[in-house]
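User: I am new to this entry and would like to learn how to read it step by step. Could you take me through its features with the general idea before each case?

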Amino acid sequence: MSSILVINGVNLNQLGIRDQAHYGQIKLEDINSLLKNEFPEVSFSFFQSNSEFEIVNKIQNAANFDGIVINPGAFTHTSVAIRDALESFKKPKLEVHLSNLSSRENFRNTMITTSKTDGYISGLKEIGYLAAIYSLLKMITQKNIN
Ligand code: DQA
């Protein structure tokens with residue numbers, strides 16, 4: 001059974017309340033339930049924090065997981081610290097954004113954390129998380145074969 005850590009960063013605890021045009025109506029706990037229902041074979045650990053320092057600590061202590069899916073929220077655009085923590089995590093890792101960053105404000109095109117993940121999905125709302133887990137499982141399996 002693969003174990004995957006799903007990290008959601010700053011303001012993502014406000015899903016369902018904040019900017020529904022970009023993020024949809026779904027709440028974070030409903031996204032987590034969606035993942036558990038869709039991938040019963042995965043052992044999930046879900047973590048949300050508005051604190052950069054807590055997210056860095058979580059990544060530093062993630063060595064026992066097979067992979068990470070992270071939506072850092074606005075920390076994507078600002079956090080060298082989360083970027084550096086991701087750099088040290090040597091297993092498959094993907095970044096998700098609910099909204100399509102390429103169609104939004106210019107400052108959202110600066111993506112500091114993304115370069116230290118294996119790839120990112122942006123604009124598919126909650127489907128992006130499903131796509132990320134699907135892809136991560138493929139990557140974990142390939143890694144174990146090679
Ligand atoms: C977001 C995109 C970020 O630019 C924004 O600050 C968020 C959410 C997304 O999921 O689309 O908080 O990460």
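Analyst: We will go from the overall fold to the ligand and then to a single residue. This is a predicted model, in which local features need pLDDT of at least 70 and side-chain atom pairs count only at pLDDT 80 or more, while totals for chains, interfaces and linings use all residues. Residues are numbered from 1 along each chain as its sequence is written, and side-chain values use heavy atoms, with hydrogens and water left out.

User: How many helices and strands are there in the protein chain?

Analyst: Helices (H or I, at least four residues) and strands (E, at least two) are DSSP runs, numbered from the N terminus. The protein chain has five helices and five strands, and along the sequence they follow the pattern β-α-α-β-α-β-α-β-β-α.

User: What radius of gyration does the protein chain have, set against a compact globule?

Analyst: The radius is taken over C-alpha atoms, and the globule rule is 2.2 Å times the number of residues to the power 0.38. For 146 residues that rule gives a value near 15 Å, and the protein chain, at 14 Å, agrees with it. Its C-alpha atoms fill a box of roughly 40 × 30 × 25 Å along the principal axes.

User: Which residues surround the ligand?

Analyst: A residue counts as near a molecule if one of its heavy atoms lies within 4 Å of it. Here the ligand is surrounded by Arg-18, Tyr-23, Asn-71, Gly-73, Ala-74, His-77, His-97, Leu-98, Ser-99, Leu-101 and Arg-108.

User: Which polar distances link side chains to oxygen atoms of the ligand?

Analyst: A polar contact to a ligand is a pair of N or O atoms within 3.5 Å. A polar side-chain atom of Asn-71 lies 2.9 Å from a ligand oxygen, one of His-97 lies 2.8 Å from a ligand oxygen, and for an N or O atom in the side chain of Ser-99 the distance is 2.6 Å. Taken alone the ligand exposes 320 Å², of which the protein buries 98%; such areas come from the Shrake-Rupley method with a 1.4 Å probe.

User: Is Ser-49 buried or exposed?

Analyst: Buried means under 20% relative accessible area, exposed over 50%, and partly exposed in between, with a 1.4 Å probe and protein chains only. Ser-49 has a relative accessible area of 3%, so it is buried. Ser-49 lies in the loop between strand S2 (43–48) and helix H3 (52–60). Leaving aside residues up to four places away in sequence, Ser-49 touches Asn-8, Gly-9, Val-10, Glu-54 and Ile-55, where contact means heavy atoms within 4.5 Å.

Notes. Polar contact = N/O pair within 3.5 Å; in protein donor to acceptor, adjacent residues only side chain to side chain.
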